[in-house]
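Me: Could you take me through one part of this model up close? I'd like to begin at a single aromatic ring and then see what else is worth a look.

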Amino acid sequence: MSVFQQERLLFTPATFKDNAIPAIFAFPNEYTIGITSLGFQIVWATLAMRSDIDVRRLFTDLSEPLARNPELLGFSVSWELDYINIFNLLESLDIPLHSSDRQDNHPLVFGGGTVLTANPEPLADFFDVILLGDGEDLLDRFIDAYQQVRQANRATKLRHLAQVPGIYIPSLYEITYSSPDGEIKAIAPIDSDIPAEVQKQTYRGNTLSASTVVTEKAAWENIYMVEVVRSCPEMCRFCLASYLTLPFRTAPLETSLIPAIEKGLKVTNRLGLLGASVTQHPEFEAILDYLSQPTYQDVRLSIASVRTNTVTEKLASTLANRDTRSITIAVESGSEKVRKIVNKKLTNDEIIQAAINAKAGGLKALKLYGMVGIPGESMQDVEETITMMSAIKKAVPGLRLTLGCSTFVPKSHTPFQWFGVNPDAKKRLKHLDKNLRQQGIDFRPESYNWSVIQALISRGDRRLGKLLQLTREFGDSAGSYKRAFKQLKGQIPPLNYYVHDRWSAAETILPWQHLTGALPQKTLVKHLHEAMAIKDAR
């Protein structure tokens with residue numbers, strides 16, 4: 001039995017018509033990872049439920065039988081470094097990497113997902129069409145608009161699609177620079193028929209997403225996922241998951257969540273509740289009560305990262321009784337000052353209380369997420385993280401503690417998009433590692449070098465396209481990027497410009513300036529100034 005035959009579908013694919021659009025929908029990674037992506041599942045099911053599309057799935061390691069002459073090739077992009085796999089898949093299908101090299105006989109290559117919505121510019125040369133924002137309404141509008149010009153030539157199709165809100169056609173925008181390796185001078189459409197700005201689309205319906213397929217081959221075996229909330233009301237100044245996806249939306253318990261949960265638990269006993277801040281759902285207590293029923297005693301429940309001060313003994317007990325051993329909270333830092341800078345409304349006492357509640361409820365482990373290199377952070381703040389972890393360990397002997405820690409990476413559409421990566425972060429990660437391991441606390445740092453590359457792609461512009469191609473040719477390692485920058489010296493800005501420099505909020509034209517997010521730039525600047533006022537007050 002094939003991997004695809006082992007899938008249990010929670011939707012009914014349409015029987016496609018004779019003249020259906022032959023399409024491929026790809027995830028640029030292995031099947032086990034791609035099929036665990038709720039976004040990928042939803043887009044694939046949306047396409048598969050249309051009788052005017054014959055869609056087949058493609059992963060790096062396997063695929064369904066593919067059309068020989070597809071008209072559309074889509075990518076769901078949720079991780080920056082998957083660009084290597086996008087290149088590989090395009091080449092495997094004999095499709096030119098650059099959109100400018102494609103002819104009428106090549107499919108339109110479209111993409112969506114968090115990475116492309118946040119900042120598509122480093123990959124702009126490789127996509128014909130980019131869908132910005134939530135796909136619930138945008139995807140159908142894209143297909144409907146494509147049907148209207150299906151028989152036209154490539155240029156006509158792209159110009160027509162550019163009129164649809166949320167559809168970005170990179171080739172129809174011209175970027176000029178002060179010099180080949182200088183700042184962006186202007187971003188403008190090639191003529192007045194093309195919108196000057198493209199607005200990210202926001203789905204405002206009440207029914208959020210749930211799994212459309214369950215399989216034991218998923219990275220989280222047999223998991224059924226339900227999106228409980230979308231976005232986050234906390235608005236930490238660095239957080240893409242909050243700012244990019246505003247406003248905060250919650251799925252109603254009776255009309256959305258319970259029917260979705262019941263549907264999934266008919267085919268599996270593993271349930272995942274997803275969202276950036278699941279426990280801030282206004283009916284979260286009722287969700288816990290519902291899942292505590294004897295009917296669901298065999299259900300294995302997992303919850304995405306939860307807000308620290310919502311970790312009650314009841315929550316911990318419900319999770320422990322549903323085969324969950326640990327819970328994850330994001331604290332960012334042990335320093336009250338740093339948390340105020342990033343707008344993390346949290347005290348050390350609340351963090352310690354969450355740990356006490358977790359243990360009292362029967363959980364065996366607590367995972368905390370922290371960060372170093374946040375703007376305004378000093379070594380004293382890093383020491384305060386060590387002190388906080390020591391205090392937690394003392395308050396909950398026997399509870400296994402893990403601190404995962406990343407380096408601050410600036411993200412587009414957030415108030416901290418103008419900052420760079422702090423080069424001292426590498427040293428601070430090592431300091432935490434040494435001091436926490438001495439106390440028997442499990443410390444798991446993210447690679448500093450990976451954070452640098454992530455920042456490069458996060459803040460990159462279109463000129464990075466040639467760098468990404470070179471990096472791939474040089475072997476796709478941290479050293480490959482340095483070698484590529486050296487070879488392209490004078491043709492693109494240096495690494496420091498993209499990664500470490502602080503850009504001017506008043507003067508710098510951002511690579512994504514023509515792509516508008518949930519909040520206007522003046523609001524982001526206001527939030528930036530509020531954060532810096534706290535930094536400078538100490």
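Which residue has its charged end over the ring of phenylalanine 474, and how many Å from the ring's centre does it sit?

Reply: Happy to. That residue is arginine 483, whose charged end sits over the ring of phenylalanine 474 at 3.8 Å from its centre. (The test asks for NZ of Lys or CZ of Arg within 6 Å of the ring centre and within 35 degrees of the ring normal.) Arginine 57 has its charged end over the ring of tryptophan 44, again 3.8 Å from the centre.

A word on the basis: this is a predicted model, with pLDDT of at least 70 needed for local features and 80 or more for side-chain atom pairs, while totals for chains, interfaces and linings use all residues. Numbering runs from 1 along each chain as its sequence is written, and side-chain values use heavy atoms, leaving out hydrogens and water.

Now for rings that meet rings. The whole structure holds 18 aromatic pairs (centres of Phe, Tyr or six-membered Trp rings within 6.5 Å; stacked under 30 degrees between planes, edge-to-face over 60, tilted for the rest). Phenylalanine 25 and phenylalanine 40 are stacked, at 4.8 Å centre to centre with 10° between the planes. Because phenylalanine 25 belongs to strand E2 (residues 21-26) and phenylalanine 40 to helix H2 (residues 38-48), this pair ties together parts 15 residues apart in sequence. (Helices, H or I of at least four residues, and strands, E of at least two, are DSSP runs numbered from the N terminus.) Both phenylalanines, 25 and 40, are buried, meaning under 20% relative accessible area with a 1.4 Å probe and protein chains only (over 50% is exposed, in between partly exposed). Tyrosine 290 and tyrosine 296 make a tilted pair, 5.3 Å centre to centre and 55° between the planes, and each of these tyrosines is buried. Ring pairs also join Phe4, Phe25, Phe27, Tyr31, Phe40 and Phe59 into a cluster.

Helix H12 is a good place to finish. Its buried residues include Ile351, Ile352 and Ala355, and the buried set packs against several elements, among them strand E18 (365-372) and helix H13 (379-395). H12 and H13 pack at about 35°, with axes 9 Å apart (axes are lines fitted to C-alpha atoms over the stretch in contact, and angles run from 0 to 180 degrees between N-to-C directions). Contact here (heavy atoms within 4.5 Å) involves residues including Ile356 of H12 and Met388 of H13. Just after H12, glycine 362 has a positive phi of about 105°.
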